[in-house]
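Colleague: Could you walk me through the empty spaces and the helix packing in this one? I am new to this, so plain sentences would help.

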Amino acid sequence: MRRTLYGPDHDAYRETVKEFLAREVVPHQHDWDRDHRIDRDVFAHAAKAGIYALEVDARYGGAGEHDYRYRMVVCEEIARINALSFGLTISLQDDLVLHYLLDLTSEEQKQRWLPRFASGELIGALAMTEPGAGSDLRAIRTSARRDGDHWVLNGQKTFISSGIMSDLIVVAACTDQEAGSRGFSLFVVERDTPGFRRGRQLDKIGLPAQDTAELFFDDARVPVENLLGKEGSGLQYLMSHLPRERLGVTAQAIATTRAIFDLTVEYCRQRKAFGQPLTAKQHIRFELAEMSTELDIAEAYVDKSVEAFNAGELSPVDAAKGKWYVSELQHRLIDRCLQLHGGYGYMLEYPVARAYLDTRAQTIYGGTTEIMKELIGRQIAGSDPTSKRR
């Protein structure tokens, strides 16, 4: 089935992305995995090549391009070279941090942060999760109290992607324990903030080059001008940005699954068993046929979601549907692809083995599958069953 999502401009951009990845990522990605870190210089090169931060307005050094199809192209090409740690870091910048900086900052804040973000000099992170607060944002215990010209933050965050390398961290904190959902605010904590320190880099089963860390705030003094948006609106800001975050997870999941499936098809054509290619076996053909069908159907939903996002119409529930379904499909299909590789699928020198480890977290971060189903179920339970289906 031919995809109709892309036009000539996206095809030309794809060639730019391919050339960049071949030059700046492919020669280094195994070293990054071994060293458990990505060379910071690559992000400046990526920004210069237009691989991310396209949405930053031209007056701050970006291209002012809001078409999400360009993000999809980047996801697909990164998946094809299996550089998933690098891809997740780019997604963190484009699908999470950047939109807080675009949507919630004052002009003074934009002038301070966006030019450096657009040049790749400034790497961002988003700090919501705590040891006792994951998907339940109302359980956040990190606190912030006003003290003159500063906010004083106390608390701990964990599982923070790019927590080690980040220069700017959007931190969610409770500013009024009595105000319920109106008691949370967002703050930008910069690298050298007094009282802020980074803990250990966490040892994950996958994504070895993508640093994930604990963060600690011990009377961390954040200038009042680093409050992001309005005091008390932090929870609403977090919720309103979830569709973009979840679309980002969906985009990565569909791109990676397609890339691993394509590699598996080629492997089955080349690998011989009992004197014949694997594809000569009816069972293998049936396995490939099922996966191909499921991928095409899921791809159609993702394309529809991208078009809805571009039109400003992607709802939180529709984003949640894509996030849980495509990430679970990824988990299931990559597992089947590994099985079809036999013993070679268990070897880390094969892309399917690395993808098996690197993608396991995608049913967890950005909201677990269970939370996604709960959000969808609540809407169904609260909707009028006689209303017209969208």
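**Pockets, cavities and helix packing**

Modeller: Keeping in mind that this is a predicted model, we can start with the lining of the largest pocket, to which helix 5 (84–104), strand 3 (150–161), helix 7 (234–240), helix 8 (242–270), helix 11 (351–358) and helix 12 (369–382) each supply at least two residues.

Colleague: Which of them gives the largest share of that lining?

Modeller: That is helix 8, which contributes six residues to the lining of the largest pocket.

Colleague: And how many residues line the largest pocket, and which lie nearest its centre?

Modeller: The lining is made of 45 residues, and those nearest the centre of the pocket are T129, I364, Y365, G366 and G367. The space in this largest pocket comes to about 1,300 Å³, and its lining has 21 nonpolar, 13 polar and 11 charged residues.

Colleague: What about closed spaces, how many cavities of 30 Å³ or more are there?

Modeller: The structure holds five cavities of that size, and the largest cavity has about 140 Å³ of space. Its lining consists of 15 residues, with L84, G87, L88, Q252 and T256 lying nearest the centre, and the elements that give two or more residues to this lining are helix 4 (69–80), helix 5 and helix 8.

Colleague: Which helix gives the largest share there, and what classes do the lining residues fall into?

Modeller: Helix 4 gives the largest share of the lining of the largest cavity, with five residues, while the lining as a whole divides into eight nonpolar, five polar and two charged residues.

Colleague: Changing topic, how do helix 10 and helix 12 cross?

Modeller: The axes of helix 10 (residues 316–340) and helix 12 come within 9 Å and cross at roughly 145°, and the crossing is left-handed.

Colleague: Which residues meet there?

Modeller: From helix 10, V317, A320, K321, K323, W324, S327 and E328 meet T369, M372, K373, L375, I376 and Q379 of helix 12. By class, the residues of this contact are six nonpolar, three polar and four charged. It helps to remember that an α-helix has 3.6 residues a turn, so residues three or four places apart point the same way.

Colleague: Last one, which residues of helix 11 are buried, and what covers them?

Modeller: In helix 11 the buried residues include V352, A353, R354, A355 and D358, and among the elements that cover the buried residues of this helix are helix 2 (29–35), helix 5, helix 8 and helix 10.

Conventions: Residues are numbered from 1 along each chain as its sequence is written. This is a predicted model: local features need pLDDT of at least 70, side-chain atom pairs count only at pLDDT 80 or more; totals for chains, interfaces and linings use all residues. Side-chain values use heavy atoms; hydrogens and water are left out. On a 1 Å grid over the protein atoms alone, a cavity is a set of points where a 1.4 Å probe fits but cannot get out, and a pocket is an open set with protein on both sides within 12 Å along at least five of seven lines; lining residues have an atom within 4 Å of a point. Grid points are joined across faces, edges and corners, and a volume is the space filled by probe spheres set on the points. Helices (H or I, at least four residues) and strands (E, at least two) are DSSP runs, numbered from the N terminus. Ala, Val, Leu, Ile, Met, Phe, Trp, Tyr, Cys and Pro count as nonpolar, Asp, Glu, Lys and Arg as charged, and the others, Gly among them, as polar. Axes are lines fitted to C-alpha atoms, for helices over the stretch in contact, and angles run from 0 to 180 degrees between N-to-C directions. A crossing is left-handed if the near helix is turned anticlockwise from the far one by less than a right angle, and right-handed if clockwise. Contact means heavy atoms within 4.5 Å. Buried means under 20% relative accessible area, exposed over 50%, partly exposed in between (1.4 Å probe, protein chains only).
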